[in-house]
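Please open the structure in the viewer and keep the sequence at hand. This tour proposes a series of selections and explains what is found at each stop.

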Amino acid sequence: QVQLVESGGGLVQPGGSLRLSCAASVSIFRFTTMAWYRRAPGKQRDSIAAIYRGGDTNYVDSVKGRFTISRDNAKNTVYLQMNSLSPEDTAVYSCYAFISGPAGGTFWGQGTQVTVSS
């Protein structure tokens, strides 16, 4: 059974940095795509960064140049390095994974709160 466990959220001041981790219970090579989503208060959940099996990455415009998604295959973990944080980045951040094909599926972590405030 696939489980995703996020960690690293918390309270940070504007301009600060945080690194989120998403640890998978299986080899991350199984996943076609892994991504980070976030849901800000009163808004829908949106994808903000994705990393594909081949290593390509993709970002939403609002985080480009500030956030970096990466992975450690040996640790079965995907990271989201977040720099230059602003209050607008306050949200619940969730890890997402997708396996393509008839035996595939989508998987979600439980989410971790990130609050940017002075």
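The tour begins with the aromatic rings, of which 4 pairs are found in this structure. Please note that the model is predicted.

**Stop 1: the aromatic rings**

Select Y37, Y96 and W108, which together form one aromatic cluster. Keep W108 in view and add R45, which lies over the face of W108, 3.7 Å from the ring centre. Next, select R19 and Y79. The charged end of R19 sits over the ring of Y79, at 4.2 Å from the centre of that ring.

**Stop 2: the nonpolar core**

Which residues have the most contacts inside the largest nonpolar core? Select L4, F31, M34, W36, L80, M82 and Y93 to see them; the core as a whole has 31 residues. Then colour the elements that give two or more residues to this core: β3 (18-24), β4 (33-39), β5 (45-52), β7 (67-72), β8 (77-82), β9 (91-99) and β11 (112-116). The largest share comes from β9, with 5 residues.

Now centre the view on L80. Leaving aside residues up to four places away in sequence, L80 touches L18, R19, L20, W36, I48, A49, F67, T68, I69 and Y93.

**Stop 3: the hairpin of β7 and β8**

Select I69, whose bridge partner in β8 is L80. The strands β7 and β8 run antiparallel and are joined by 6 bridges. They form a hairpin with 4 residues between them. Move to N76, in the loop between β7 and β8. N76 has a positive phi of about 50°, although it is not a glycine.

**Stop 4: the loop between β8 and β9**

Continue to S84, which is placed in the loop between β8 and β9. S84 also is not a glycine, yet it has a positive phi of about 50°.

Is S84 buried, exposed or partly exposed? Its relative accessible area is 43%, so S84 is partly exposed.

Now select L85, likewise found in the loop between β8 and β9. With a relative accessibility of 2%, L85 counts as buried. What surrounds L85? Not counting residues up to four places away in sequence, L85 touches V12, Q13, P14, G15, G16, S17, L18, R66, F67 and V116. Of these contacts, G15 deserves a selection of its own: the C-alpha atoms of L85 and G15 are separated by 4.9 Å, while the two residues are 70 residues apart along the chain.

**Stop 5: the disulfide**

Select C22 and C95 and display their side chains. A disulfide joins C22 to C95, with an S to S distance of 2.0 Å. The count of disulfides in the model comes to 1. Because C22 lies in strand β3 and C95 in strand β9, the pair ties together parts that are 73 residues apart in sequence. Why is the disulfide left-handed? The torsion about the S-S bond of C22 and C95 is about -80°, and the disulfide is therefore left-handed. Both C22 and C95 are buried.

**Stop 6: two serines beside the cysteines**

Select S21, found in strand β3. Its relative accessible area is 15%, and residues under 20% count as buried, so S21 is buried. Apart from its neighbours within four places in sequence, S21 is in contact with V5, E6, S7, W36, T77, V78 and Y79.

Then select S94, which has its place in strand β9. S94 counts as buried, at 8% relative accessibility. Which residues are in contact with S94, leaving aside its neighbours within four places in sequence? They are E6, A35, W36, Y37, W108 and G111. W36 and E6 are thus in contact with both S21 and S94.

While β3 and β9 are in view, one general point may help with the display of side chains. In a regular strand, the side chains alternate between the two faces of the sheet.

**Stop 7: the hairpin of β9 and β10**

Finally, select β9 with strand β10 (residues 105-108); the two pair in the antiparallel sense over 4 bridges. F98 stands opposite T106 in β10. A hairpin is formed by β9 and β10, with 5 residues between them. End the tour at G101 in the turn, which has a positive phi of about 100°.

How values were computed:
Residues are numbered from 1 along each chain as its sequence is written. This is a predicted model: local features need pLDDT of at least 70, side-chain atom pairs count only at pLDDT 80 or more; totals for chains, interfaces and linings use all residues. Side-chain values use heavy atoms; hydrogens and water are left out. A nonpolar core is a set of buried Ala, Val, Leu, Ile, Met, Phe, Trp, Tyr and Cys residues joined through side-chain atoms within 4.5 Å. Buried means under 20% relative accessible area, exposed over 50%, partly exposed in between (1.4 Å probe, protein chains only). Contact means heavy atoms within 4.5 Å. Two strands pair if DSSP finds at least two bridges between them. Rings of Phe, Tyr and Trp (its six-membered ring) pair if their centres lie within 6.5 Å; planes under 30 degrees apart count as stacked, over 60 as edge-to-face and the rest as tilted. A charge sits over a ring if NZ of Lys or CZ of Arg is within 6 Å of the ring centre and within 35 degrees of the ring normal. A disulfide is a pair of cysteine sulfur atoms within 2.5 Å.
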